[in-house]
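Open the model in your viewer and follow the stops below. Each one names a selection and then says what is there.

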Amino acid sequence: FVVHRKYGIGRFERTCLRPKSKLTKEEQEARDARRGEILMAELKKISGGVTPDAIQAIRSKFGTEEDTDPISNPQSTVLEITYADGIVHVPVDRAYRLSRYRARDAVVQPRLSK
């Protein structure tokens, strides 16, 4: 079981990767630069004239499941937790294991690590 401050106690199902929703300014700049590099590399592979449709087809893959580049599409590890009314994806640093949470009653209280 896992404890989350907002959602309460739930059952851990698995870990999975999700695209990061909030990027720092440095991560955004690195992402944009990498996407430019990927676009130029793909355009160099195309022989003949480059049409706007070809550029749009390449750009439409950015940020989707087809974009496997770790810089262009940064991922974060989340826990899939089942509650009575649904499934929630919680970042790893936002949840605690229940055994450490309940150990609060011990003589020497443990520090809850993220």
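**Stop 1: a buried arginine**

Select R35, which sits in helix α1, residues 25–45. Keep in mind that this is a predicted model.

Is R35 buried or exposed? R35 is buried, yet no salt bridge is found for R35. Now select D67, the nearest side chain of opposite charge, and read off 4.2 Å. A salt bridge needs the nitrogen and the carboxyl oxygen within 4 Å, so the pair does not count as one.

Which residues touch R35, once neighbours within four places in sequence are set aside? Select F62, G63, D67 and S72: these are in contact with R35.

**Stop 2: the α1–α2 packing**

Stay on α1 and add helix α2, residues 52–59. The two helices pack at an angle of about 135 degrees. Their axes are 10 Å apart. Angles from 115 to 145 degrees count as oblique, and α1 and α2 are therefore oblique to each other. The crossing of α1 past α2 is right-handed.

Show the side chains at this contact. From α1, select L39, E42 and L43. From α2, select I55, I58 and R59.

**Stop 3: E42 and its partner**

Keep E42 on screen and add K45. Their side chains form a salt bridge, with N to O at 3.6 Å. Both residues are in helix α1, 3 residues apart, which puts about one helical turn between them. Colour by accessibility here. K45 is exposed, at 64% relative accessibility. E42 is partly exposed, with a relative accessible area of 31%. E42 also takes part in the contact between α1 and α2.

**Stop 4: more charges**

Select R31 and D32. Their side chains meet in a salt bridge, at 3.3 Å from N to O. D32 is partly exposed, with 45% relative accessible area. R31 is partly exposed too, with 21%.

Next, select R34, E37 and D69. What links these residues? A network of salt bridges joins R34, E37 and D69.

**Stop 5: a bridge between strands**

Select R14 and E80. They form a salt bridge, and the closest N and O atoms are 3.1 Å apart. Where do the two residues lie? R14 is in strand β2, residues 8–19, while E80 is in strand β3, residues 75–83. The pair therefore ties together parts that are 66 residues apart in sequence.

Compare the two ends by accessibility. R14 is partly exposed, with a relative accessible area of 42%. E80 counts as buried, at 11% relative accessibility.

**Stop 6: zoom out**

Switch to a cartoon of the protein chain. How many helices and strands does the chain have? There are 3 helices and 5 strands. Trace them from the N terminus: the order is β-β-α-α-β-β-β-α.

Now colour the chain by burial. Of its 114 residues, 24% count as buried. R35, where the tour began, is buried.

Draw the contact map next. Take the contacts with a separation of 6 or more: 58% of them come from residues 24 or more positions apart.

Last, list the salt bridges. The whole structure holds 7 of them. Those visited on this tour include R14 with E80, R31 with D32 and E42 with K45.

Terms used. Residues are numbered from 1 along each chain as its sequence is written. This is a predicted model: local features need pLDDT of at least 70, side-chain atom pairs count only at pLDDT 80 or more; totals for chains, interfaces and linings use all residues. Side-chain values use heavy atoms; hydrogens and water are left out. Helices (H or I, at least four residues) and strands (E, at least two) are DSSP runs, numbered from the N terminus. Buried means under 20% relative accessible area, exposed over 50%, partly exposed in between (1.4 Å probe, protein chains only). Lys and Arg count as positive and Asp and Glu as negative; His and the chain ends are not counted. Contact means heavy atoms within 4.5 Å. Axes are lines fitted to C-alpha atoms, for helices over the stretch in contact, and angles run from 0 to 180 degrees between N-to-C directions. Angles under 35 degrees count as roughly parallel, over 145 as roughly antiparallel, 65 to 115 as roughly perpendicular and the rest as oblique. A crossing is left-handed if the near helix is turned anticlockwise from the far one by less than a right angle, and right-handed if clockwise.
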